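Biologist: I am new to this structure and would like to learn how to read it. Could you walk me through it, one feature at a time?

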Amino acid sequence: MATKQRLVFLLCIAMFTAIAFFIGSSFSSCGGGYVRDEENVLIPVPESGFQKGRSGGDGENALSFMRSKFILMVSHELSLSGGPLLLMELAFLLRAVSTRVVWMTNQMPSEPDEIIFSLGQRMMERGVEIVSPKGEKAVESALKADLIILNTAVAGKWLDSVPKETVPRLLPKVLWWIHEMRGHYFKMEYVKHLPFVSGAMIDSYVTAEYWKNRTEERLRIKMPETFVVHLGNSNILMEVAENVVARRVLREHIRESLGVRKGDLVFAIINSVSRGKGQDLFLKSFYEALQLIQQRKLTVPTMHAVVVGSDLTVQTKFETELRTFVADKEIQGSVHFVNKTLNVAPYLASIDVLVQNSQGRGECFGRITIEAMAFQLPVLGTAAGGTTEIVVNGTTGWLHPAGKEGITPLAENLIQLATDAELRKSMGRRGYDRVQGMFLEHHMSQRISSVLKEVLRKANSRTL
């Protein structure tokens, strides 16, 4: 391909994937049990009290029954973080079947924000109506809506702006979509209305179990009927992941921009840079792996670590620590920091292994994991949170402990994959197969549709 043609093609692909990820990507003790499927792989099943949305597809849009319905969506913020983007994606899926969707953002900055403006414009282009979260129009929309979706635990604060006498009329038709795994969200000011809504929708069984136990033990309140809905990759992302030519062009371009050669091996962590995402422990594991390879005199390709999710305009104390570590260990030539981006497809196309190193309780789900598996990448993840429901240990990747005790196990896993190209390929293929079986857009639509049907049924019966 001539240079000019190649650049034009690359630009088209970049624009295409940017649109896809603008509407479809997320950055972010196990509930229920497990059974083995036909291939002897453990899959989660719901514990008593958690309902599981049905999956599968027969070619018909599972959300078509939502045609002519009126849905009000309340987001705590409008930003590039996972929660708002996921709600936007659901809004677009519903708009595709002619659902009327009204959007409210409960917390808006006092100054104009370019990102908020752009996201708002994109929603309006798709026919999503945007209204203020306060005032008569907000209350009128809430009363007329067939269903209200509160997105994230913090969105519960919106109900405080509604007249007290109106709140009881709204609660029977509220579906509360929860994505958080951190303890500071368990405050009565956020979730005091939670027991009275028609249902809660949560992205993983481990998160659902955590919320069930935490609300009972800490707040002495009971969760409503809870539905676990695993997410899925958008059709657009899958088209990019399955386009061999696009992947090759993106791979060549990104590697060239990073100074990575064709035969080099790239491990990447793609998350917003923060201590909870574990970039510091990943770099320590990477450095330890380099040292062990040298000590053991192993022959491996030149290895690189890529950290995608930096904020190059405002370097935080934590990121300064990361860069200081890299400089102190003299591995600047092997570690690359990339600014945060929604357009992660080029990086997934250019790397060889994804590291999902979220700490503490892990990710509620961690959508980047299934996105990486769509690109046939093995995943090395912490044995915490939703990652345990996605990665099949030893089959599609490996799990390692969270915290400092996970540094050496992760280093060993890096070495194992660095020394075995066939293992990388086989794990990647099995991850892709798992995505095809469980984590596609139609799977997610089916799961969400079963939840919406049940919540609408309950809402109708409670308001009669």
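Biologist: Let me start with a single side chain: is Glu412 buried, partly exposed or exposed?

Modeller: Please keep in mind that this is a predicted model. The label depends on relative accessible area, where under 20% is buried and over 50% is exposed. Glu412 has a value of 29%, so this residue is partly exposed.

Biologist: Which residue does Glu412 meet in a salt bridge?

Modeller: The general idea is that side chains of opposite charge can pair when their charged atoms come close. Here the side chain of Glu412 meets that of Arg296, with 2.7 Å from N to O. Arg296 belongs to helix 10 and Glu412 to helix 14, residues 407-418, so the bridge ties together parts that are 116 residues apart in sequence. Arg296 is partly exposed too, at 41% relative accessibility.

Biologist: How many salt bridges are there by this rule?

Modeller: The count comes to 18. One of them pairs Asp160 with Lys192, at 3.2 Å from N to O. Asp160 sits in the loop between strand 7 (147-151) and helix 5 (167-170), while Lys192 sits in the loop between helix 6 and strand 9, and the two are 32 residues apart. Asp160 is partly exposed at 38%, and Lys192 is partly exposed at 34%.

Biologist: Which residues do salt bridges with shared partners join into one network?

Modeller: That network is made of Lys157, Asp160, Glu189 and Lys192. For another bridge, look at Arg275 and Glu321, whose closest N and O atoms are 3.1 Å apart. Arg275 is in the loop between strand 11 (265-270) and helix 10 (279-296), and Glu321 is in helix 11 (residues 317-328), 46 residues apart. Arg275 counts as partly exposed with 45% relative accessibility, and Glu321 is partly exposed with 35%.

Biologist: Let us turn to the interior. Which residues touch the most other members of the largest nonpolar core?

Modeller: A nonpolar core is a set of buried nonpolar residues joined through side-chain atoms. The largest one here has 73 residues, and those touching the most other members are Met73, Leu94, Ile270, Leu348 and Phe375. Helix 2 (residues 82-95) supplies the largest share of this core, with 9 residues. There is also a second, separate core of 40 residues, whose members include Val131, Val167, Leu170 and Ile178.

Biologist: What does Leu348 touch, leaving out residues up to four places away in sequence?

Modeller: On that basis, Leu348 touches Ile270, Ile368, Glu371, Ala372, Phe375 and Leu377.

Biologist: Now a polar residue: is Ser358 buried or exposed?

Modeller: Ser358 has a relative accessible area of 0%, so this serine is buried. You can find Ser358 in the loop between strand 14 (353-356) and helix 13 (367-374). The side chains of Ser358 and Gln356 share a polar contact of 3.3 Å. Beyond four places in sequence, Ser358 touches Gly276, Lys277, Glu363 and Thr382.

Biologist: And where does Ser198 lie?

Modeller: Ser198 lies in the loop between helix 6 (188-191) and strand 9 (199-202). Ser198 is buried as well, because its relative accessible area is 0%. Among the residues Ser198 touches beyond four places in sequence are Leu171, Glu225, Val455 and Arg462.

Biologist: Let me ask about the backbone. What is the phi of Lys297?

Modeller: Lys297 has a positive phi of about 55 degrees although it is not a glycine. This lysine is in the loop between helix 10 and strand 12 (303-310), and its 73% relative accessibility counts as exposed. Gln376 is another residue other than glycine with a positive phi, near 60 degrees. Gln376 is placed in the loop between helix 13 and strand 15 (379-382) and is partly exposed at 33%.

Biologist: Finally, at what angle do the axes of helix 14 and helix 15 cross?

Modeller: Two packed helices are described by the angle between their axes and the distance between the axes. The axes of helix 14 and helix 15 (residues 421-438) cross at roughly 100 degrees and come within 6 Å. Angles of 65 to 115 degrees count as roughly perpendicular, and helix 14 and helix 15 are therefore roughly perpendicular to each other. Where they meet, helix 14 offers Gln416, Leu417 and Ala418, and helix 15 offers Ala421, Leu423, Arg424 and Met427.

Key:
Residues numbered from 1 in each chain as written. Predicted model: local features only at pLDDT ≥ 70, side-chain atom pairs only at ≥ 80, totals over all residues. Heavy atoms only, no water. Core = buried A, V, L, I, M, F, W, Y, C linked by side-chain atoms within 4.5 Å. Buried < 20%, exposed > 50% of the residue type's maximum accessible area, 1.4 Å probe, protein only. Helix = DSSP H or I, 4+ residues; strand = E, 2+ residues; numbered from the N terminus. Contact = heavy atoms within 4.5 Å. Polar contact = N/O pair within 3.5 Å; in protein donor to acceptor, adjacent residues only side chain to side chain. Salt bridge = Lys/Arg side-chain N within 4 Å of Asp/Glu carboxyl O. Axes fitted to C-alpha atoms, helices over the stretch in contact; angles between N-to-C directions. Parallel < 35°, antiparallel > 145°, perpendicular 65-115°, else oblique.
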